[in-house]
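Here is my note on the model you sent. The points are numbered for ease of reply.

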Amino acid sequence: MVKFKVIKGSQLLLGAAIALLVLVVCALVVRYALSRPAVSTSVGPTVRTVSQVNGAEANNAFALSAEKSARNVEIVVVRSGSLPENEHTDETAADILVLPQNTVMPATEASPKVLIYHTHTHEAYEQTKSDPYTALEAWRTADESHSVVRVGAELAQLLTQRGFEVVHDKTDHEQNDLSTAYLRSEKTLNGYTEAFDLYIDLHRDAYLDGMESTALTVNGESCARMMMLVGKGDNFTTKPYYQENYAFATALTEKINVLSPGLCKDVLVKTKRYNQHIGVYALLIEVGTNKNTLQEALNSMPVLADALTEMMILKPDQSLQEMRLNAMGG
């Protein structure tokens, strides 16, 4: 009788231990599942559609930017599990191309055709008390009147006034995942049946510690400095038109700096592609940083428009090499 009770008691203890172990394992599984970030399965572009960002992620971005408010350093949030093509975080290419001698401007029957679009549609500038905006994250907004889309609209208007045929595509390519924005903008580009003489992916750069001055005074106005970015397309099967784009970006940079010395930084070459395989010519243009105001970015657009006008309308038969030599006084 006593022996039977001992065996029964040990079995009860063993059963309780197993049940406790099962509960602990289940708790760990649930905790892991809840902690994993959601990954969007949608890759198709939707015009003017704004997706809500993760609240915790946005608050984290604001908290980090607040810690560095004195320097206005932008925190670029890149979600894990997404394709990592992002010009802010991609590697810089080590070698710089020798410019080809026979690269000429595109011949057009009438007005040069330009497509302006925005892969990172929500990029915005430093808010001011007189002109605030509703932010999705630090220095990002879905308000087209305060994002880089507004800068694109300004450039489109100025180019149209100067004789260009311009399409300004306002499609929201960020949606709810910044890291896959280039997949969506590529789909938008492939949706056009006509070819353009120039493709401009207009962006706003991110301010980093140690970055040189972000603004320059031109004709009494504070203007955001600009920069051309060209991709080499490493690890892509279909390569971008790197030589042609680099030649054009270099000539445009020097033309801008003739009109307003120092307004455009040196061309930056990165390892990725940035959809610059779509045609000749295709550029990524950074207009200012998050440390600039929207007005400073707008103030720079007349200089960019004038430089493009001289290159593509006033002197379209010059080779880019000749343009560079003329711009440098050669």
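**Notes on the fold and packing**

1. Start with the aromatic side chains. Tyr192, Phe196 and Tyr199 belong to one aromatic cluster. Keep in mind that this is a predicted model. Across the whole structure, a search turns up 5 aromatic pairs. In one of them, the ring centres of Phe196 and Tyr199 are 5.6 Å apart and the planes stand at 75°, so this pair is edge-to-face. The cut-off for that label is over 60 degrees. Both partners are covered: Phe196 is buried, and Tyr199 is buried too.

2. Now the chain as a whole. The protein chain holds 7 helices and 8 strands. Of its 330 residues, 48% are buried. Take the contacts in the chain with a separation of 6 or more: 81% of them come from residues 24 or more positions apart.

3. The sheet comes next. It is open, has 6 strands, and follows the order 2-1-3-8-6-7. Its pairing is mixed. Strand 2 (165-168) and strand 7 (268-270) are the edges, each pairing on one side only. On average, neighbouring strands are turned by 30° against each other, direction ignored.

4. One strand pair deserves a look. How do strand 1 and strand 2 pair, parallel or antiparallel? Strand 1 (residues 113-117) pairs with strand 2 in the parallel sense, over 4 bridges. Within this pairing, Ile116 of strand 1 stands opposite His168 in strand 2. As background, strands of a sheet pair through backbone hydrogen bonds.

5. There is also a hairpin, made by strand 4 and strand 5. Strand 4 covers residues 215-218 and strand 5 covers residues 221-224. The two run antiparallel and are joined by 4 bridges. Val218 has Glu221 in strand 5 as its bridge partner. The hairpin has 2 residues between its strands. Asn219 sits in the turn, with a positive phi of about 55°.

6. Which strands does helix 6 lie across? Helix 6 (residues 294-314) lies across strand 3 (198-205), strand 6 (226-231) and strand 8 (282-289). Helix 6 runs at about 60° to strand 6.

7. Helix 6 also packs with helix 3 (residues 148-161). Two packed helices are described by the angle between their axes and the distance between the axes. Here the axes come within 9 Å and cross at roughly 30°. The cut-off for roughly parallel is under 35 degrees. Helix 3 and helix 6 are therefore roughly parallel to each other. Their crossing is right-handed.

8. Check the side chains at that helix pair. Helix 3 contributes Arg150, Val151, Glu154, Leu155, Leu158 and Leu159. They meet Leu294, Ala297, Leu298, Met301, Pro302, Leu304, Ala305 and Leu308 in helix 6.

9. Last, a loop residue. Is Tyr133 buried or exposed? Tyr133 lies in the loop between strand 1 and helix 3. Its relative accessible area is 11%, so Tyr133 is buried. The cut-off for buried is under 20%. Leaving aside residues up to four places away in sequence, Tyr133 touches Ala124, Tyr125, Gln127, Trp139, Arg140, Thr141, Asp143 and His146. Tyr133 and Ser145 are 12 residues apart in sequence, and their C-alpha atoms are 8.9 Å apart.

Terms used. Residues numbered from 1 in each chain as written. Predicted model: local features only at pLDDT ≥ 70, side-chain atom pairs only at ≥ 80, totals over all residues. Heavy atoms only, no water. Pairing = 2+ DSSP bridges. Axes fitted to C-alpha atoms, helices over the stretch in contact; angles between N-to-C directions. Contact = heavy atoms within 4.5 Å. Phe/Tyr/Trp six-rings, centres within 6.5 Å; stacked < 30°, edge-to-face > 60°. Buried < 20%, exposed > 50% of the residue type's maximum accessible area, 1.4 Å probe, protein only. Parallel < 35°, antiparallel > 145°, perpendicular 65-115°, else oblique. Left-handed = near helix turned anticlockwise from the far one by under 90°.
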